[in-house]
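Trainee: Could we walk through this one together? I'd like to see how each label follows from its value.

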Amino acid sequence: MGSLNVMKHAMVPVHRLVPENEEEKILESLGTSKNKLPKILKSDPAVEQLIEISGDIKEGRMVEIERESPTAGISKAYRLVVKR
Amino acid sequence: MAQKDTINALIRRGVDEDTATKLAEKNYLLGDIQSASKKELIKELGKKKGEDVYKKVSKGKKKKKSRTKKKKDKKKKTKKELKELEIPDKIAPLGDIAKKLIEICDEKGHELPRKTIQDAADKIKEIELPEEDYELMLDLIMDRFESRRVDPMESVGIVGAQSIGEPGTQMTMKTFHYAGVAEVNVTQGLPRMIEVVDARKVPSTPMMEVHLIEEFKHDREKAKRLASDLEVTNLIDVADVEIDMADKEVVIKPDMKKLKSSNIEIEHIMDQLKGVRGIKGDVEKSGKTLKIVLPEDEKKYASLHETIELAKGTKIKGLDGINRAIIRDTGEEFIIYTEGSNLKEALQMELVNIENSSSNSPVEIYNVLGVEGSRNSIIKEALDTLNEQGLEVDVRHIMLVADMMTNEGDIKAIGRHGISGKKTSVLARAAFEITSTHLLRAAIVGEVDKLEGVTENIIVGQPITQGTGAIEVKYMPKKPEA
């Protein structure tokens, strides 16, 4: 991918890796379990970008996505990192 | 499941069960443990056990070492590169009034979306509402907000399908409309909508919108240069190619004006021609013309003909897939629209603004920018197509569609191969398409249908699990008092 930071693109919202000790709290507030979250592939360009920033990301970690929503302003979404 | 496999694999290698479970629970896979260093394992398990596991499981890791070394080299980046890597800050900060409103909301326990608060703040500014009325205003907003919320168990999917489907019937069945740019032909209306929702690999009219970097966005010359760099230029576009029958050679006479305007040098053409497979013989330069001289035994008419065709079609410059690039002056900046698209390579180009240049294909965006980008692209394309036809559909319905399409981390089409084919219920799938195949498969495999969805309950003649059917009544008889 070269030096292209996909998160700089206007269409890509900001992705952040959720620290492992905060995962449970977030899941509880959403009232759901990990495997019911939407998925994101480990090979996704945005995840690859995160890996480049913060080192390897194992499958089963959560990624927080800060979407700019036309109806809510900002909405936070979570995705589970999975291997294809 | 993967955890169980890991535990079993570790036990087979002689690790005791407790340790194996401990490792697996931390989401380590066998491969990770095998390639982990002694130190890492000791850190994870304590000294004695760590060494034990290392001895039993670890593989020779000389290969791994060289790989990690390479990674380290990569990590040494200059400051500028590091800055490129940072997670950008995208959200605009709130104004003073909005901050005040949030404070009041927090005090009263109101939960309002940021957009609503922002809108309220804008309105306050406009009508100059005194500060003591803020609370009342928020209370009223909250009342309305609550009453307009979607109720639990509301069938948002069905409502969404209706809300997109009904206006869809009014869309033009087949139009090729010139949207925005005069010269670029873009598929519109129903065919375009189907394309977006079907997640086609390549849309029927792929297009890119390329912006220039901030510095040069008013620079017509730079825009022209970028446009000519994007567009595929073949040799035949910039030169006359002929066969010299007397000497049995292919003669190329470049048009110097055209070369200059598109910034190509003759040497570059020579290099490109030499790189073409199938052109045998030497490329020679004499003055301002080029010659392809075939080897002695190939000097036949047929091979000359073959060579000239190859030479004519040789790409001199441009990105593959881009047939045309048109510059448009919006008054604020120059934007380049292209027929055909190659986003990945375009974003690597020097003059291209990587922040807002994009393609009209959600799948291409998925490959280059990831799922979330693609989700936004689906929303944008679907909404634009509907609005182009003068149809107003609430974004929320389209957002739901986009969420469903990107739920699994890749793009799934809506339809038999995508989402509808993934339904858990056999009856629901059979009711949709290719009935017999689904029923036959279900019979062979022995599928169980729990009758949880709408379709399958209608088929068996039961009330559906929506609305009043969503709740169940349980009767608990009082225990007779003894």
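Mentor: Sure, and let's begin with handedness: a crossing is right-handed if the near helix is turned clockwise from the far one by less than a right angle, and left-handed if anticlockwise. Keep in mind that this is a predicted model.

Trainee: Which helices of chain B cross in the right-handed way?

Mentor: That's α20(B) and α21(B), whose crossing is right-handed. The helix α11(B), by contrast, passes α21(B) in a left-handed crossing.

Trainee: What makes α20(B) oblique to α21(B)?

Mentor: Take the angle: the two pack at about 140 degrees, with their axes 9 Å apart. Angles over 145 degrees would count as roughly antiparallel, and 65 to 115 as roughly perpendicular. The value falls in neither range, so α20(B) is oblique to α21(B).

Trainee: Which residues make that contact?

Mentor: From α20(B) you have B:Arg375, B:Ile378, B:Ile379, B:Ala382 and B:Leu383. Facing them from α21(B) are B:Val395, B:Ile398, B:Met399, B:Ala402 and B:Met405. By class, that contact has 9 nonpolar residues, no polar ones and 1 charged.

Trainee: And why are α11(B) and α21(B) called roughly perpendicular?

Mentor: Helix α11 of chain B, residues 156-168, packs with α21(B) at an angle of about 115 degrees, again with a stated axis distance of 9 Å. The roughly perpendicular class covers 65 to 115 degrees, so that's the label the pair gets.

Trainee: Which residues of α11(B) meet α21(B)?

Mentor: B:Val156, B:Gly157, B:Gly160, B:Ser163 and B:Ile164 do, and they meet B:His397, B:Ile398, B:Leu400 and B:Val401. The contact of α11(B) with α21(B) splits into 5 nonpolar, 4 polar and no charged residues.

Trainee: Over to chain A. What makes it as compact as a globular protein of its length?

Mentor: Its radius of gyration is 13 Å, and the globule rule gives 12 Å for 84 residues; the two are close, so chain A counts as that compact. Along the principal axes, its C-alpha trace spans about 40 × 30 × 20 Å.

Trainee: How many helices and strands does chain A have?

Mentor: There are 2 helices and 4 strands, and along the sequence they follow the pattern β-α-β-α-β-β.

Trainee: How many residues do the chains bring to their interface?

Mentor: Chain B has 33 residues in contact with 33 residues of chain A. On the chain B side, the elements giving two or more residues include α7 (79-85), α9 (114-127) and α19 (362-369). The largest share, 5 residues, comes from α20(B). In all, that side of chain B holds 12 nonpolar, 11 polar and 10 charged residues.

Trainee: How do you know where confidence is lowest and highest in chain B?

Mentor: Look at the pLDDT means: helix α6 of chain B, residues 62-75, is lowest at 39, while α21(B) is highest at 92. Residues 60-78 of chain B have a pLDDT below 50, and beyond near neighbours in sequence that stretch has 3 contacts in the model. Where pLDDT is low, the predicted coordinates shouldn't be read in detail.

Trainee: What are the averages for the two chains?

Mentor: Chain B averages 79, with 83% of its residues scoring at least 70. Chain A averages 86, with 96% at that cut-off. As for the whole model, it scores ipTM 0.94 and pTM 0.76.

Note on methods: Residues are numbered from 1 along each chain as its sequence is written. Chains are lettered from A and ligands numbered from 1 in the order in which they are written. This is a predicted model: local features need pLDDT of at least 70, side-chain atom pairs count only at pLDDT 80 or more; totals for chains, interfaces and linings use all residues. pLDDT is the predictor's confidence in each residue, from 0 to 100. Two residues are in contact if their C-beta atoms, placed from the backbone, lie within 7 Å. Ala, Val, Leu, Ile, Met, Phe, Trp, Tyr, Cys and Pro count as nonpolar, Asp, Glu, Lys and Arg as charged, and the others, Gly among them, as polar. Axes are lines fitted to C-alpha atoms, for helices over the stretch in contact, and angles run from 0 to 180 degrees between N-to-C directions. Angles under 35 degrees count as roughly parallel, over 145 as roughly antiparallel, 65 to 115 as roughly perpendicular and the rest as oblique. The radius of gyration is taken over C-alpha atoms; the globule rule is 2.2 Å times the number of residues to the power 0.38.
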